[in-house]
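Please go through the sheets, the ligand site and the internal spaces of this protein. A short report will do.

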Amino acid sequence: MNSAINENLVREIVKEVLAKMGRAPQAEAPPAPTPRAPAPREKGSRGRFGVFEDVDLACAAAKASFLLLREQGVAARVKVIEIVKRMSSENAESWGRMELEETQIGRLDHKIEKLKILAQVPGVEFLHPTGLSGDHGITLEEYTPFGVIGAVTPSTHSIPTLTGNIVSMVAAGNAVVFNPHPAAVRCAVHAVRAYNQAIHRELGIENLVCVMENPTVEGFQALAKNPEVSLLAVTGGPGVVRAAMGSGKRAVCAGPGNPPVLVDETVDLDSAARKVVQGAAYDNNLLCIGEKEVFVLAELADRFLSALERAGAERLSGPQLERLTRAAFSVTPGTGGGCAHASVNRDLIGKDPAVLGRAAGLEVRPKTQLLFAETEADHLFVEEEQMMPMLPVVRVRSVEEGIALAQKAEHGYRHTAIIHSHDVSRMTAMARALDTTLFVKNGPSMAGLGQGGEGYLSYTIATPTGEGVTNPRTFTRVRRCVMVDNLRIY
Ligand code: NAD
């Protein structure tokens, strides 16, 4: 790579960006970080290897890196993806541990696994241009980058979401600036710095992936407003989805879910129970796709509850459920119409069954992965996206009632639903009624993300904005190039 040309190019871009931001470039302005010789870090302002305190500087650096990536072509994108996937797999143990120590939610084995499987996120091979050929010549439609993307990541899977986003976004030719969850920022910063150091060694690009080291809601707003950011991609709960959709900028939003499960009499109950436990216990039920409540036909409910026990889950009695419910939710009087509103106690989110058991007054067996209890359909554990390894099970009189209650529990998030049935008309009815982005039949929820079912992986499932399981195409602009009356070869 010609570093003189690139250095000038970087200077020009930084000047242009600073001018746009109303900061007139000075003749003696410090040189921008050059591809092979990064500028020493200036405390409090300039980032290095993607770590920034100032949103506008991060966006300017990301823009410069985007242009360098463009210059080096698709081969450079392939290289970045190879680096990022290899590093997330090689560092899975230590990074998984680091994320768990920082966030204190989830399970170490699954934190590690979530980093190891990132190889399954698709890369540049996902972008097939479309060619049209006819009497009036030829036309090519290509998937091209936006430039700089502003992204938000959740506390539930910080490095996995960040890494999956990098693969999809860079495959499409973009750079990205992350505003990570404040409760999972240290691990995000660590991974971003390590990725950029490796990318810089191989390609001479220093800030392709930027991260805010002090993320705030105001920082997100500044990111959304920055003129270099052409697209937002947010993964999180209702608050950030509302903020992104109200920002006035195009946003790909991966929002909350509360996935219901329906079980009927046509399936092997032991097999269904094992799959339900597998999905609901994963990372202590932090997955947005994870099974959050079960509706089961009344006549098989007792047998299904026993099957859950055989599958390794532990049952709570009525009084134990009551104690846990009091510990897990706070109900505060609402402001409108006197309605009470429940909020989930963050101290119990993603905690081990043993911790929930203690709150319920139960000493759980050491290997227990999941707690469950029989509840009514309007119980808080059914209604709220609780993100705890405690699964409420509700008896229903008919499949129709089960579908109606599942629809109510899903709250129109249109995220994920699961059925265990061999009756295709019931599958069709539930799929149509719930209208979810993922609909899994006869498997654990993660089968919807290629883990035991066909398909590819992403930790960002765009629900309210409709892009679905995100992939490199999600982060592209489709551009058409037309040659009139020529180049058609027959
Ligand atoms: P969260 O909503 O608390 O935080 C997500 C991110 O949004 C964080 O970075 C946070 O700082 C930021 N944020 C929150 N409110 C904001 C606001 N008003 N303005 C700007 N930024 C704001 O989520 P969490 O607890 O980390 O993650 C769990 C939630 O995310 C669950 O609801 C889960 O279903 C959802 N989730 C969805 C997907 C998906 O692919 N659809 C994936 C993972 C998590």
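How many bridges join strand 5 to strand 6, and do they run parallel or antiparallel? Strand 5 (residues 175-179) and strand 6 (residues 209-212) are joined by 3 bridges and run parallel. Across this pair, Phe-178 stands opposite Val-211 of strand 6. The model is predicted.

**Sheets and crossover**

Strands 5 and 6 belong to an open sheet of 6 strands. Its order is 1-6-5-4-7-8, and the pairing is parallel. Strand 1 (51-52) and strand 8 (251-254) are the edge strands. Each of these edge strands pairs on one side only. In general, strands of a sheet pair through backbone hydrogen bonds, either parallel or antiparallel.

Further along the chain, strand 16 (residues 416-420) pairs with strand 17 (residues 438-441). Their pairing is parallel and covers 4 bridges. Ile-418 has Val-440 of strand 17 as its bridge partner. Helix 15 (residues 424-434) joins strands 16 and 17 in a β-α-β unit, and this unit is right-handed.

**Ligand site**

The ligand is surrounded by 29 residues. The closest are Ser-155, Gly-237, Gly-255, Glu-385 and Ile-461. Three polar contacts to the ligand are listed here.

| Residue | Protein atom | Ligand atom | Distance |
|---|---|---|---|
| Gly-237 | backbone N or O | oxygen | 2.8 Å |
| Gly-255 | polar backbone atom | nitrogen | 2.8 Å |
| His-415 | polar side-chain atom | nitrogen | 3.1 Å |

Gly-237 and Gly-255 thus use backbone atoms, whereas His-415 uses a side-chain atom.

**Largest pocket**

The largest pocket has a volume of about 1100 Å³. Its lining counts 46 residues. Closest to the pocket centre are His-181, Gly-236, Gly-237, Pro-238 and Arg-346. Gly-237 is also among the residues closest to the ligand.

Which elements give two or more residues to this lining? They are helix 7 (217-225), helix 8 (238-245) and strand 13 (340-344). Helix 8 provides the largest share, 4 residues. By class, the lining of the largest pocket has 23 nonpolar, 17 polar and 6 charged residues.

**Cavities**

How many cavities of 30 Å³ or more does the structure hold? There are 2. The second largest encloses about 40 Å³ of space. Phe-295, Ala-377, Val-382, Glu-383, Leu-405, Lys-408 and Ala-409 form its lining. Two or more of these residues come from each of helix 13 (380-383) and helix 14 (399-410). Helix 14 gives the largest share, 3 residues.

What is the class make-up of this cavity lining? In the second largest cavity, 5 lining residues are nonpolar and 2 are charged. No polar residue lines this cavity. The lining of the largest pocket, in contrast, includes 17 polar residues.

Definitions and conventions
Residues are numbered from 1 along each chain as its sequence is written. This is a predicted model: local features need pLDDT of at least 70, side-chain atom pairs count only at pLDDT 80 or more; totals for chains, interfaces and linings use all residues. Side-chain values use heavy atoms; hydrogens and water are left out. Two strands pair if DSSP finds at least two bridges between them. A crossover is right-handed if, with the strands pointing away from the viewer, the path from the first strand over the helix to the second runs clockwise. On a 1 Å grid over the protein atoms alone, a cavity is a set of points where a 1.4 Å probe fits but cannot get out, and a pocket is an open set with protein on both sides within 12 Å along at least five of seven lines; lining residues have an atom within 4 Å of a point. Grid points are joined across faces, edges and corners, and a volume is the space filled by probe spheres set on the points. Ala, Val, Leu, Ile, Met, Phe, Trp, Tyr, Cys and Pro count as nonpolar, Asp, Glu, Lys and Arg as charged, and the others, Gly among them, as polar. A residue is near a molecule or strand if one of its heavy atoms lies within 4 Å of it. A polar contact is a pair of N or O atoms within 3.5 Å; within protein, one must be able to donate a hydrogen and the other to accept it, and residues adjacent in sequence count only if both atoms are side-chain atoms.
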